Amino acid sequence: MSKYSSIRGINDVLPPESDKWQYIELKARKVFDCYGYSEIKIPVLEKTELFTRSIGEDTDIVEKEMYTFPDRKGELLSLRPEGTASVVRSYVQHKMYASSSLSKLYYFGPMFRYERPQKGRSRQFYQIGAEAIGTSGPAVDAEVISMLFTFFDQLGLDSLNLNINSIGCRDCRPGYRAVLVDFISSRAADLCENCQRRYNDNPLRVLDCKSDHCREKTSGAPSILDYLCGGCSSDFDSVRKFLETLGIAFNVNDRMVRGLDYYTKTAFEITSNKLGSQDAVAAGGRYDHLVEEVGGPPTPAIGFAVGVERLSLLLAEDDISLKKSPDLYIATLGEDAFNAAFRLAHELRTHEIKVEYDHEGKSLKAQMRRADSSGASYALILGEEEIKSGRAMLKDMCGSGQEEIAWEGLLSEMRVRMKG
Ligand code: HAM
C-alpha cells in the first residue's frame, strides 16, 4: 500500500488511457483549426469574484462546488470550475476586440468542481472548449454545433443526441420568469429544499432540478419558447433551419436551461445513452452579455465545452489509430552488440523512427518475446557473428519474411520500409 494516494475524485490518467486522450486532443486540434480557431492558454487559478459574477451566485457551481481559498495576502482565489469565464476575462483584459471583430479561441485543460464522484463525474475533470466571441448571427450558433459534430464524427462516435433550446434574452426572459414564478409558487411546498430556496431568485433553475419528484411536480410548467421576443424567436427558427441544412438531427427541449447563469438565447447539450446518469458529453450556448459584465464592450458570443473523461468512455481502445508500438525492436547478444544497438537506436530515434531494445541483459528468447508483445513492426537480431560480419537479419514481425541487411545502413533500410 502506497503511503500517499490521490485525492478522492482527482485521478491520474495512465497509459493506455492517456493515449486515447492524446488522440482526442489531436483530432480536436485538427478540426478546430479547419474552422479557424486558435488555442488560448488560460490560468487554472482566478479571482473568485470572476466566477461568482459570471456563473451566477445561486448556481450549484458557485454555491457548493468551487475550490476557494485565500492566498497569502488574503485575496480570495478559486480553481477554475469551467473555462468560459477565464476566456472572456482574457478577451477583455487584452482588448482582443480591438484587433478583430471575431475571436475564435479553443482551450484544453483541467477544471475543478467539488461534486460527488461517480462514473463520468470527478472533482478534477478535463474539458476541451471553444468560444466564438464577437458575433450574434444564428449561423454561428449552428456552425459551432456543427464543429462539435465534425469532431465527434472524426472520432467515429455515433448515437449522440443533440438537445437545443432558447432561453431568451434580457427583453423576454423577465416576462417568462414572472409567469414561471407564479406557476412554481403554487407548488413550492412540494418541491425539494434547493428549489424552494431558489425559485424566487432563479426560477429557471427549478426546471433544471435533477430530482424526479420536482420534475413531476413542474411537468406542466409554461414553456419559455412561448414567451420569446420576436428577435429570439426568429433567431431560434434560423438556428434550427441551419442545423437542418447541415443534416444535424436535434431535439428541442424547452426545459433545458443549463447550470450556468450567463446563457442567453441558444443553449445546447449533447448526450449519449451509453454513459449512464452522467450522460452529457458536451454542452454550451450563447452568452451575449458576459463580455460586458466582465468589463468589455457589448459583445455577443457563443461556445461549448466537451468533457474529456466522458468522451473517452465512449471511445473503445481499438477505435483509435494512434500508433504507440515501436517501428523496430533490436535484440542483442553480448556487449559489442548492445553498444551497437545503443548507437543505432539513437540514430534512428533522431530521425523519428520508434526503436526499443533491451537494457536488462535478457536472453535472446525473452527479447524476441518482448519484440512480439510490443507490437514492433520489425526486429533486428545482433549477436557476435553479426557484429563481425556487418550483416544481420531484419525480420518483418507482421508478415513472415526476413531479409539480410548491412546493419550499419539500418537507418536507410528502415526509412524505405516505413514509407511503404
Ligand atoms: P458544463 O455543462 O458545466 O458547461 O460542462 C461541460 C461539460 O463538461 C459537460 O457536458 C461534461 O461533459 C463535462 N463535465 C462537467 N462537470 C464534470 C465533472 N464533474 N466530471 C466530469 N465531466 C464534467 C461549461 O462548463 C461551459 N463553460 C460550457 C460553455 C463553453 N458554454 C459556453 N462556452
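Let me begin with one residue pair: Ala 379 has Lys 395, in β15, as its bridge partner. A word of caution before I go on: this is a predicted model.

That pair belongs to two strands. β14 covers residues 378-382, and β15 covers residues 391-396. They run antiparallel, joined by four bridges. β14 also pairs with β12, residues 328-332. Here the sense is parallel, over five bridges. One example is Ala 331, whose bridge partner in β14 is Ile 381. Is β14 mostly covered or mostly open? Mostly covered: four of its five residues are buried.

Now to another sheet. In what order do its eight strands run? The order is β1-β5-β6-β11-β10-β9-β7-β8. The sheet is open, and the pairing is mixed. At the edges are β1, residues 38-39, and β8, residues 251-252. Each of those pairs on one side only.

Take β5 and β6 from that order. β5 is residues 103-112, and β6 is residues 124-133. Ten bridges link them in the antiparallel sense. Lys 104 stands opposite Ala 132 in β6. In general, strands of a sheet pair through backbone hydrogen bonds.

Next, the helices that lie across these strands. α4, residues 84-93, lies across β5 and β6. Its angle to β6 is about 45°. α6, residues 138-154, lies across β5, β6, β7, β9, β10 and β11. To β11, α6 runs at about 20°. Just past α4, look at Lys 95, in the loop between α4 and α5. Lys 95 is not a glycine, yet its phi is positive, about 45°.

On to α1, residues 17-34. This helix has 18 residues and reaches 26 Å from its first C-alpha to its last. That is close to the 26 Å expected at 1.5 Å a residue. Its buried residues include Trp 21, Tyr 23, Ile 24, Val 31 and Phe 32. Charged names appear there too, among them Asp 19, Lys 20 and Lys 27. What do the buried residues of α1 pack against? They pack against β5, β6, α6, β11 and α13.

Both ends of α1 have something to show. In the segment before α1 sits Pro 16. A cis peptide bond joins Pro 15 and Pro 16, with omega about 5°. After α1 comes Gly 36, with a positive phi near 85°.

Back to the sheet, and to two neighbours in β9. Thr 264 is in β9. Thr 264 counts as buried because its relative accessibility is 4%, under the 20% cut-off. A polar atom of its side chain lies 3.0 Å from the backbone nitrogen of Asp 288. Thr 264 also touches Ile 167, Gly 168, Arg 173 and Arg 286, among others. Then there is Lys 265, also found in β9. Its phi is positive, about 55°, although Lys 265 is not a glycine. Lys 265 is buried as well, with a relative accessible area of 17%.

Last stop: the ligand. Which of the 26 residues around the ligand come nearest? They are Glu 82, Glu 115, Glu 131, Tyr 263 and Ala 280. Glu 131 has a side-chain N or O atom 2.8 Å from a nitrogen atom of the ligand. Arg 258 puts a polar side-chain atom 2.8 Å from a ligand oxygen atom. Phe 304 uses its backbone: an N or O atom there lies 3.2 Å from a nitrogen atom of the ligand.

Notes
Residues numbered from 1 in each chain as written. Predicted model: local features only at pLDDT ≥ 70, side-chain atom pairs only at ≥ 80, totals over all residues. Heavy atoms only, no water. Pairing = 2+ DSSP bridges. Contact = heavy atoms within 4.5 Å. Axes fitted to C-alpha atoms, helices over the stretch in contact; angles between N-to-C directions. Expected span 1.5 Å × (residues − 1). Buried < 20%, exposed > 50% of the residue type's maximum accessible area, 1.4 Å probe, protein only. Near = heavy atom within 4 Å. Polar contact = N/O pair within 3.5 Å; in protein donor to acceptor, adjacent residues only side chain to side chain. Lists of a residue's contacts leave out its neighbours within four places in sequence.
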